[in-house]
Amino acid sequence: MDFSSKNYGEKMRALNYDIHLGSILGIPGKMLVFLASLIAASLPVTGFYIWYNRRKKKKKKA
């Protein structure tokens with residue numbers, strides 16, 4: 001079943017899948033999706049690190 005014979009909902013589902021894999025732009029798209037996921041995965045880790053260091057500094061004051 002090729003893309004032209006699909007209805008609107010099937011086209012959107014296929015497009016959504018291609019966007020999430022990064023295959024819509026080829027190799028640059030895959031690299032862009034990889035970098036975006038790497039940044040998104042590092043945000044909770046860096047947030048915890050900042051929070052934990054602020055907590056440690058308050059204990060040193062006393």
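Two aromatic pairs are present in the structure, which is a predicted model. In one of them, the ring centres of phenylalanine 48 and tryptophan 51 lie 5.6 Å apart and the ring planes meet at 45°, so this pair is tilted. A tilted arrangement is one whose angle falls neither under 30 degrees, as for stacked rings, nor over 60, as for edge-to-face rings. Phenylalanine 48 and tryptophan 51 are three residues apart in helix H2, which covers residues 27–61, and this spacing places about one helical turn between them. The relative accessible area of tryptophan 51 is 45%, and the residue is therefore partly exposed.

The pair formed by phenylalanine 48 and tyrosine 52 is stacked, with 5.9 Å from centre to centre and 20° between the planes. Both phenylalanine 48 and tyrosine 52 belong to helix H2, where a separation of four residues again corresponds to about one turn of the helix. Tyrosine 52 has a relative accessibility of 37% and so counts as partly exposed. Phenylalanine 48 takes part in the tilted pair and in the stacked pair, and Phe48, Trp51 and Tyr52 together make up one aromatic cluster.

With regard to the overall fold, the chain contains two helices and zero strands. Its radius of gyration is 21 Å, whereas the globule rule gives 11 Å for 62 residues; the value is well over that figure, so the chain is more spread out than a compact globule. Along the principal axes, the C-alpha atoms occupy a box of roughly 70 × 25 × 10 Å. Buried residues account for 5% of the 62 residues of the chain. The accessible surface amounts to about 5900 Å², and carbon and sulfur atoms contribute 68% of it.

Helix H1 consists of 14 residues and spans 20 Å between its first and last C-alpha atoms, close to the 20 Å expected at 1.5 Å a residue. At the start of H1, the backbone nitrogen of glycine 9 has a side-chain oxygen of asparagine 7 within 3.3 Å. Glycine 22 follows H1 and has a positive phi, near 80°.

Lysine 11 is part of helix H1, which runs over residues 8–21. With a relative accessibility of 27%, lysine 11 counts as partly exposed. When residues up to four places away in sequence are set aside, lysine 11 touches Phe3 and Lys6. Of these contacts, lysine 6 is located in the segment before H1. Lysine 6 also counts as partly exposed, at a relative accessibility of 23%.

Leucine 21 is likewise found in helix H1. The relative accessible area of leucine 21 is 44%, which makes the residue partly exposed. From leucine 21 to lysine 11, the separation is 10 residues in sequence and 15 Å in space, C-alpha to C-alpha. Between lysine 6 and isoleucine 50, the separation is 44 residues in sequence, and their C-alpha atoms are 49 Å apart.

Methods. Residues are numbered from 1 along each chain as its sequence is written. Side-chain values use heavy atoms; hydrogens and water are left out. The radius of gyration is taken over C-alpha atoms; the globule rule is 2.2 Å times the number of residues to the power 0.38. Buried means under 20% relative accessible area, exposed over 50%, partly exposed in between (1.4 Å probe, protein chains only). Accessible areas come from the Shrake-Rupley method with a 1.4 Å probe; for residues, only the protein chains shown count as cover. Contact means heavy atoms within 4.5 Å. The expected span of a helix is 1.5 Å times one less than its number of residues. A polar contact is a pair of N or O atoms within 3.5 Å; within protein, one must be able to donate a hydrogen and the other to accept it, and residues adjacent in sequence count only if both atoms are side-chain atoms. Rings of Phe, Tyr and Trp (its six-membered ring) pair if their centres lie within 6.5 Å; planes under 30 degrees apart count as stacked, over 60 as edge-to-face and the rest as tilted.
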